[in-house]
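Trainee: I am new to this structure and would love a close look at a single part of it. Could you pick one and walk me through it slowly, along with its surroundings?

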Amino acid sequence: MLKKLIKTRRSVFPAQYTQGDIPEHDLLEVLESGRWAPNHRKTEPWRYKVLTGAALDRLGDFMATAYSKVDGHKKFKLKKLRENPSKSSAVILIFMHRDEKESVPEWEEIAAVAMSVQNMWLTTHNLGYGCYWSSPKPFANMSDFKGLKIEDNERFLGFFYMGTYTMESQDLPERKSIEEMVQFLNH
Ligand SMILES: Cc1cc2nc3c(=O)[nH]c(=O)nc-3n(C[C@H](O)[C@H](O)[C@H](O)COP(=O)(O)O)c2cc1C
């Protein structure tokens, strides 16, 4: 069961979303699984901001406006950035909270957030929804997004797009073999 879930998890993009509803209890189940990731010194560095409803349309406008200032002539990309949030049922903004004492190296905090996101990704998949992690856009400073409460020590790590979609069974994509990625040493 776990093996199947891990292997069949995919990045599902907004173009594939059917714009159905993801009920709040499912969103909470996804976020709940994010709470249980391993983390060094119990810093629990993950912070999430969940955008739904009108906030999604605002996010699309925000991204398009920010992008048009740097690369406005690329109309296709501009359209995609504007429309992707509205095609989604929810977008979770992913942040890493750096504790004041800096008790562990920053890479460990980012790694812990990634483990939390993987928990959420697998839970989203298990519930039958699609999602993917989109890297932070260098042109979009989320601290300018109206209504968001972002602390100085929170670093933005990207967008977790979520949506309903029609899951079809697919062949597994190519991945490196065990031999290519592992060295076994027993002496
Ligand atoms: C930290 C992180 C950032 C990512 N950023 C992007 C992104 O900006 N754009 C994108 O299309 N996919 C992004 N992805 C998704 C990867 O492209 C995807 O996971 C990879 O192609 C493997 O496909 P799979 O998730 O279906 O196995 C990101 C994934 C991770 C883990």
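Mentor: Happy to! One definition first: a residue is called buried if 20 or more other C-beta atoms lie within 10 Å of its own, exposed if 12 or fewer, and partly exposed in between. Please also keep in mind that this is a predicted model.

Let's take helix α5, which covers residues 106-126. At 1.5 Å a residue, its 21 residues should span 30 Å, and because its end C-alpha atoms are 30 Å apart, the expectation and the model agree. Just before the helix, in the loop between β2 and α5, you will find E102. Its phi is near 45 degrees, a positive value in a residue other than glycine. E102 has 11 C-beta neighbours inside 10 Å, so it counts as exposed. After the helix comes G128, with a positive phi near 95 degrees.

Now look at which parts of the helix are covered. The buried residues of α5 are E109, A112, V113, S116, V117, N119, M120, W121 and T124. These residues pack against α2 (24-34) and against four strands: β1 (46-51), β2 (90-97), β3 (130-134) and β4 (154-163).

Those strands form an open sheet in the order β1-β2-β4-β3, with antiparallel pairing. β1 and β3 are the edge strands, each pairing on one side only. From one strand to the next, the twist averages 25 degrees. Between β2 and β4, the antiparallel pairing runs over 8 bridges. H97, for instance, stands opposite E154 in β4.

Helix and sheet also meet in the largest nonpolar core. In soluble globular proteins, nonpolar side chains tend to be buried together. Here the largest such core has 33 residues, and V91, L93, F160 and M162 touch the most other members. At least two residues each come from α2, β1, α3 (54-71), β2, α5 and β4, with β2 giving the largest share, 7 residues. Take V91 as an example: leaving aside its neighbours within four places in sequence, V91 is in contact with L51, L56, L59, P85, F159, F160 and Y161.

Finally, compare a spot on another loop. R41 lies between α2 and β1, and has a positive phi of about 60 degrees although it is not a glycine. R41 counts as partly exposed, because it has 13 C-beta neighbours inside 10 Å, a number that falls between the two cut-offs we began with.

Terms used
Residues are numbered from 1 along each chain as its sequence is written. This is a predicted model: local features need pLDDT of at least 70, side-chain atom pairs count only at pLDDT 80 or more; totals for chains, interfaces and linings use all residues. The expected span of a helix is 1.5 Å times one less than its number of residues. Two residues are in contact if their C-beta atoms, placed from the backbone, lie within 7 Å. A nonpolar core is a set of buried Ala, Val, Leu, Ile, Met, Phe, Trp, Tyr and Cys residues joined through C-beta atoms within 7 Å. Two strands pair if DSSP finds at least two bridges between them. Axes are lines fitted to C-alpha atoms, for helices over the stretch in contact, and angles run from 0 to 180 degrees between N-to-C directions.
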